[in-house]
Amino acid sequence: MAFPEKRINHKTRLAADIGGTFTDVAAFDEGSGRLLLGKSLSTPARLVDGVTNGVEKAAVRYADASAFLHGSTIAINTLLERSGAKTALVTTEGFRDVYEIGRINRPDSYNLYFRKHVPLVPRALCFEVRERMTAEGAVHIPLDEASVLAVCERLKAEGVDAVAIMLLHCYVNPVHEARVKAIVQRELPRAFVSASHELSQEYREFERCSTVAANAYIGPGVSEYVRAMDEHLKHSGFGGSFLLVQSTGGLYESHQAQSQCVRMLESGPAAGVIGAQALCRQLGLADAVAFDMGGTTAKAGVIYRGEALTSGVALIGGYAQALPVQIPMMDIFEVGTGGGSLAAVNASGALRVGPQSAGAEPGPACYGRGGELPTVTDANLVLGRLGARRFLGGEMTLDMAAAEGAIRDKIAGPLGVDLVHAADGILRIATTAMAYAVKAVSTERGLDAAAFALIAYGGAGPLHASSIAREIGMERVIVPRVPGHFCAFGMLFSDLRYDLVRTWFTRLADVSFDAIHALYEELIGQGRKALAASGIRPQRVTIQRAADMRYVGQEHPVTVHLPADVFRRRDAEALKHQFDEEHLRRYGTNARGEPAEIVSLRATVAGVLKKPPLERVARGAREPVASARRGTRKVYFAELGKAVATPTFAREALRSRNAIAGPAVIEEHASTTVLLPGDRMRVDEFGNLAIEVGRRAA
Amino acid sequence: MKRMKSKKQRQADAVLTEIVRNGVIAVTEEMKTNLMRTAYNMIIYEALDFTVGLYTPEGETISIGLGLPSFIRGMAETVKAKLRHFGEKGLEPGDILVTNDAYTTGSHLYHFTFSLPIFHRGKLSGFACCMAHWTDVGGVLGGVTTDIYSEGLQIPIIKYARAGVVNQDLVDIIRMNVRIPERAMGDLRAQITAVKTGERRFLELLDRYGRDEVLAAIRNIMDQSEVAARARTRTIPDGVYEAESFMDDDGVEIGKPVPIKVRVVKQGEEMTIDLSQVAKQVRGFYNSGTTTGYSCAQVAYKCLTSPTDYPINEGSFRSLKVVLAPGTVVSAVKPAAMRWWMTFPMTVVDTLFKAMEKAIPDRTIAAHHADLCVALINGISPKDGRFFLAGIGPMGGGFGAKLTEDGNSATVCMNDGDTHNHPVEQMEAKYPLLFERHALRPDSGGAGRYRGGLGTEQAVQARSPININVQVDRVHCAPWGLAGGASGAGNQVTLRLGGKEIADLPNAKVLMKRLNPGDAITVRAGGGGGFGPPHEREPERVANDVRQGYVSLTAAAESYGVVLDPRTLEVDQAATAKRREKKP
């Protein structure tokens with residue numbers, strides 16, 4: 001990690017990622033080509049302070065920065081903690097209960113104590129206005145403005161801070177919705193007002209309703225936060241662009257973020273995948289799985305043919321009680337397995353790991369803060385994979401006796417096995433659970449995971465990466481240079497990005513390329529306009545087109561990326577062919593003879609920003625320098641069936657071209673990489689650990 | 001099992017068992033995703049009316065993907081029937097077996113069930129199965145059927161594919177007999193995708209951990225589930241518990257109730273569910289087969305003993321005995337009409353919960369709307385001049401209250417689990433319909449210390465001529481309360497024909513009625529029953545219900561004895577105390 005002696009010029013790109021526990025700062029100094037890092041505790045009461053502390057730790061000045069890139073958990077936390085604004089919902093007459101009714105499913109089918117989703121807006125604050133569009137976008141009942149004014153009076157009387165508007169079929173014709181919004185804004189000038197078509201122009205009224213309600217609910221708080229951050233930056237002498245990370249990993253300008261708050265729900269995890277994508281570009285890799293493991297969960301995203309894959313809807317708060325958000329997001333799969341996941345033997349004698357977590361308090365037994373239940377971290381410590389005195393660069397000592405006691409009492413005893421086998425069992429179960437997250441975004445998408453590289457980061461990712469890769473048959477693991485700061489690092493590589501989607505049902509057989517062209521132009525025009533409104537001049541603008549298609553009669557469409565020349569050539573057969581192929585890849589089957597149709601058109605307009613080159617590290621010999629060797633300790637490897645003396649290395653002393661063969665442990669400030677027997681690691685020119693994974697024992 | 005094991009062996013057992021448990025759940029979830037995403041009809045892809053599962057070489061359930069509770073038993077019985085039919089020797093790699101025989105699946109002919117025997121290095125190692133509800137299998141269009149022959153094409157147990165070669169004759173026969181062949185073929189392909197996914201992923205598990213080891217782990221999973229179910233059963237007081245309810249009618253003899261009588265005997269760590277006293281099979285199409293009789297008992301038993309134990313597997317039911325007499329509405333024999341098989345069993349399950357009220361008030365639940373509340377429509381699409389078939393619904397109704405909680409509002413009935421409703425925007429884009437209203441029904445939740453959930457209503461107008469068929473029950477046997485709680489509102493159907501409201505139908509069954517443009521149908525799903533005396537509900541909760549519009553001012557006073565200031569909606573403490581004094 002490079003800490004500079006002197007500050008440089010005002011060509012710094014500064015990125016700050018606020019997570020639940022830590023705020024990470026990464027800065028790239030274009031003058032020197034150096035990467036600067038800072039980590040500080042998050043400050044929930046005033047998040048801005050945590051950022052400033054981190055910036056100071058990285059030894060960067062706001063005044064030197066040309067751009068401040070920011071991701072924050074504020075949006076998702078406001079939603080999950082239910083701490084948003086007093087919000088009202090305005091819908092088409094006859095449909096105010098759409099939000100509460102939802103999709104009526106009961107996934108936990110046998111649980112009589114099952115609970116469905118709880119709307120963000122209570123029914124007493126759901127109002128109706130008289131109007132109706134048909135599915136074709138024709139006016140069936142004209143908008144009764146008197147009914148809108150009457151609702152506004154109620155809204156004033158209730159003293160709401162935010163208003164969400166969702167009218168039926170506004171994705172085809174938004175005129176009524178736009179008019180209702182204008183009236184509400186005029187009547188309640190201080191309220192945060194959001195209309196559904198501004199966020200989603202796709203059909204499905206509950207999902208769109210939930211999206212706009214979430215935006216309105218978090219709007220006042222999140223926009224205030226962004227404003228405060230903006231002001232703080234200005235006061236600190238910052239004169240550059242303030243950009244926020246969206247759930248796609250793309251950036252948008254801070255004023256845009258103040259009205260479309262829901263787009264930043266998953267900014268941190270998305271930025272990690274962008275970092276993995278940047279790494280792929282640098283290393284010439286086309287396909288990789290980005291794997292992030294922290295204290296409570298493990299997350300996987302995927303880079304396929306150089307692009308990070310996104311999805312069109314996310315379920316916030318778990319499947320059973322989900323509040324859907326229908327906007328493009330990074331396609332990330334999450335499992336409840338992290339370092340803090342609890343292991344337990346239940347009354348039937350079954351061994352379970354997670355999803356319950358020890359959290360930060362009391363934390364794993366080995367933290368010595370009163371935790372008595374064993375966790376994945378305790379198992380790592382007992383097996384020697386973590387060093388008791390090396391945790392967080394030695395800032396914290398782990399309590400081996402507590403870890404052993406917890407595993408012995410809660411796992412080994414009840415199962416009648418010894419300590420080491422119990423600890424190893426916990427890790428094996430955790431490994432397979434995490435392997436499912438990786439498979440969920442790869443093999444289940446029809447991608448051959450074995451041919452992908454696994455890019456592992458987050459505090460705990462590098463500890464488990466090699467085991468997970470073996471489980472799936474992946475041959476290559478990359479542990480980036482800054483696994484503990486990787487999401488902030490990823491932000492430095494992000495581009496401005498605007499995603500536009502429009503539902504447009506059309507059979508391919510009847511498709512008019514003139515109509516498609518006009519629609520794409522409209523979407524792209526909106527994107528360009530947003531890009532211009534950001535006030536930032538990108539290096540260049542790229543446009544990607546895609547269409548959601550399905551066989552006639554099917555429901556769920558597949559998003560098919562379409563090269564521009566398909567449209568230039570007006571080639572309906574090529575459209576169909578691309579769809580057939582995508583369907584085959586994703587589901588292992590297609591029906592070439594069946595007619596297909598378009599459901600939605602998608603355009604992504606990106607303003608490509610200059611990327612920092614990756615910093616090269618000093619070159620060394622094949623053999624690491626003596627100072628990199630920290631000694632040996634006994635580490636248990638299931639592959640060998642025993643504990644063996646295993647060398648440990650200090651990551652900061654490694655140089656490019658250094659090679660280490662497993663078994664070995666490589667330690668750095670916020671993370672530990674385990675090389676299993678048979679693994680061969682080489683430090684690449686950028687300081688990444690490139691691991692060739694040994695074969696899985698039969 | 002009793003032989004001594006080494007430490008390492010025991011550790012391997014516990015760890016591998018858990019790995020395999022996670023593994024089989026992942027397999028059936030992926031099967032489910034693939035089926036749902038590639039299916040062609042809204043019943044599968046939106047309503048998720050299907051079940052996928054993995055079975056042992058003997059046909060025992062290893063894992064069922066979240067789907068239809070009422071089909072919890074359907075595929076296991078079907079796999080066993082297929083095994084009996086062909087014998088293990090009659091199966092070879094590349095085979096895919098199929099049937100839609102109503103008396104095997106216990107349900108209707110729409111349920112096409114595919115089973116793929118999974119061979120690992122030449123050894124039969126399990127089955128991947130998929131049942132899905134097809135849009136149409138021929139037979140009489142609408143109306144009520146009175147025997148199986150009028151309900152469509154019956155496919156006995158045969159091979160859809162033999163050693164990898166598809167039986168084209170079968171495909172041609174199906175295509176000729178169904179009204180919308182391209183949809184049927186699309187759904188068939190989706191189901192094949194699902195069972196092949198199951199095969200591929202299960203083989204990966206077997207390759208990774210070894211066939212015998214995985215099958216042993218599966219036995220462990222079942223043993224663990226059995227231990228859990230027995231332990232929980234032991235906590236239910238021993239005794240004989242009975243309850244009774246009724247269905248409106250069978251759609252043929254209008255107004256003649258169909259009694260549902262159940263008996264539960266709990267002794268030690270075992271439970272016997274006796275359904276031999278439910279009504280004899282009926283002429284109308286509300287019958288289901290023995291498999292479904294078992295399903296009723298299993299669903300109730302799982303809800304009461306191991307509701308969140310996954311995967312759903314055979315072990316959970318070893319401590320359950322089921323008594324059925326042949327020829328009842330849940331054990332019907334050929335040629336009983338089965339097309340609307342799913343309605344009565346839900347009330348059987350509800351009645352079992354009622355029976356357990358005295359034994360385990362903390363674990364049971366008041367009654368729910370117990371019907372999918374679907375209106376089937378057909379007609380000629382004005383867009384393309386083609387024949388269409390679709391369903392309005394399922395609709396969410398109210399679930400019953402419990403000892404410590406209000407019931408859920410607007411939730412799909414017990415037959416179904418992860419079943420979704422159809423977006424109004426989707427329905428209007430596909431069919432000539434205009435939805436006038438989709439709303440909660442205030443005051444439909446049964447009053448109680450804890451209130452039943454609210455039902456919903458949908459008013460739908462035809463934009464061009466359509467035919468409708470509605471088979472809804474439980475109008476007259478409204479969802480009952482428990483422990484002094486009041487009933488919720490029953491299901492209801494009304495029509496508007498030529499501008500005239502028709503609200504006095506004798507039941508909620510409307511057969512082959514023509515709706516002309518502007519005519520409308522309103523389907524109302526019932527609310528759940530309440531739990532405990534309504535006068536014991538905290539006045540502040542009642543006041544909040546009124547503020548949210550769940551309960552009217554009038555009902556607050558009359559049902560709960562809670563008087564509110566009509567302007568502020570604050571509780572009038574004095575008036576409330578006075579009103580509540582009157583009732584014991």
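Buried, for a residue in these legends, means under 20% relative accessible area. At 4%, A:Phe452 therefore counts as buried. Everything shown here comes from a predicted model.

**View 1. Where chain A meets chain B.** Here 74 residues of chain A sit in contact with 95 residues of chain B. Putting the two together buries about 7300 Å², and carbon and sulfur atoms give 51% of that area. On the chain A side, A:Ile104, A:Tyr110 and A:Leu112 lose the most area to chain B, together 13% of what that side buries.

**View 2. Charged and polar links across the interface.** Between chain A and chain B the count is 8 salt bridges. One of them pairs B:Arg208 with A:Glu471, with the closest N and O atoms 3.0 Å apart. Polar contacts join 39 residue pairs across this interface. Several elements of chain A each bring at least two residues to the side that touches chain B, among them helix H3 (98-101), helix H6 (205-235) and strand E25 (496-507). The largest share, 7 residues, comes from H11(A). Sort that side of chain A by residue type and you get 28 nonpolar, 21 polar and 25 charged.

**View 3. An edge-to-face pair in chain A.** The structure holds 20 aromatic pairs over all chains, and A:Phe68 with A:Phe238 is one of them. Their rings are 6.4 Å apart centre to centre, with 70° between the planes, which makes the pair edge-to-face. A:Phe68 lies in strand E4 (residues 65-72) and A:Phe238 in the loop between H6 and strand E11 (241-245), so the pair ties together parts of chain A that are 170 residues apart in sequence. Both rings belong to buried residues: A:Phe68 has a relative accessible area of 0%, and A:Phe238 has 7%. Pan around and you'll find that A:Tyr62, A:Phe68, A:Phe238 and A:Phe242 form one aromatic cluster.

**View 4. A stacked pair in chain A.** A:Tyr304 and A:Phe452 are stacked, 6.5 Å centre to centre and 5° between the planes. A:Tyr304 comes from strand E14 (residues 298-304) and A:Phe452 from the loop between H11 and strand E23 (453-457), so this pair ties together parts of chain A that are 148 residues apart in sequence. A:Tyr304 counts as buried at 14% relative accessibility, and A:Phe452 does at 4%.

**View 5. Two salt bridges within chain A.** Over all chains, the structure has 77 salt bridges. In one, A:Arg550 meets A:Glu597 with the closest N and O atoms 2.8 Å apart. A:Arg550 is in strand E26 and A:Glu597 in strand E28 (residues 596-608), 47 residues apart. A:Arg550 is buried at 2% relative accessibility, and A:Glu597 is buried at 10%. In another, A:Glu581 meets A:Arg592, the closest N and O atoms being 2.9 Å apart. A:Glu581 is in helix H16 and A:Arg592 in the loop between H16 and E28, 11 residues apart. Here the partners are partly exposed, A:Glu581 at 31% and A:Arg592 at 46%.

**View 6. Salt bridges within chain B.** B:Arg449 and B:Glu536 join through their side chains at 2.8 Å, N to O. B:Arg449 sits in the loop between strand E14 (433-440) and strand E15 (456-462) of chain B, and B:Glu536 in the loop between strand E20 (520-524) and helix H11 (539-547), so the pair ties together parts 87 residues apart in sequence. B:Arg449 is partly exposed at 24%, as is B:Glu536 at 45%. Elsewhere, shared partners join salt bridges into one network that includes B:Asp223, B:Arg230, B:Glu269 and B:Lys321.

Terms used: Residues are numbered from 1 along each chain as its sequence is written. Chains are lettered from A and ligands numbered from 1 in the order in which they are written. This is a predicted model: local features need pLDDT of at least 70, side-chain atom pairs count only at pLDDT 80 or more; totals for chains, interfaces and linings use all residues. Side-chain values use heavy atoms; hydrogens and water are left out. Contact means heavy atoms within 4.5 Å. Buried area is the accessible area (1.4 Å probe) that two parts lose on being put together, summed over both. A salt bridge is a side-chain nitrogen of Lys or Arg within 4 Å of a carboxyl oxygen of Asp or Glu. A polar contact is a pair of N or O atoms within 3.5 Å; within protein, one must be able to donate a hydrogen and the other to accept it, and residues adjacent in sequence count only if both atoms are side-chain atoms. Helices (H or I, at least four residues) and strands (E, at least two) are DSSP runs, numbered from the N terminus. Ala, Val, Leu, Ile, Met, Phe, Trp, Tyr, Cys and Pro count as nonpolar, Asp, Glu, Lys and Arg as charged, and the others, Gly among them, as polar. Rings of Phe, Tyr and Trp (its six-membered ring) pair if their centres lie within 6.5 Å; planes under 30 degrees apart count as stacked, over 60 as edge-to-face and the rest as tilted. Buried means under 20% relative accessible area, exposed over 50%, partly exposed in between (1.4 Å probe, protein chains only).
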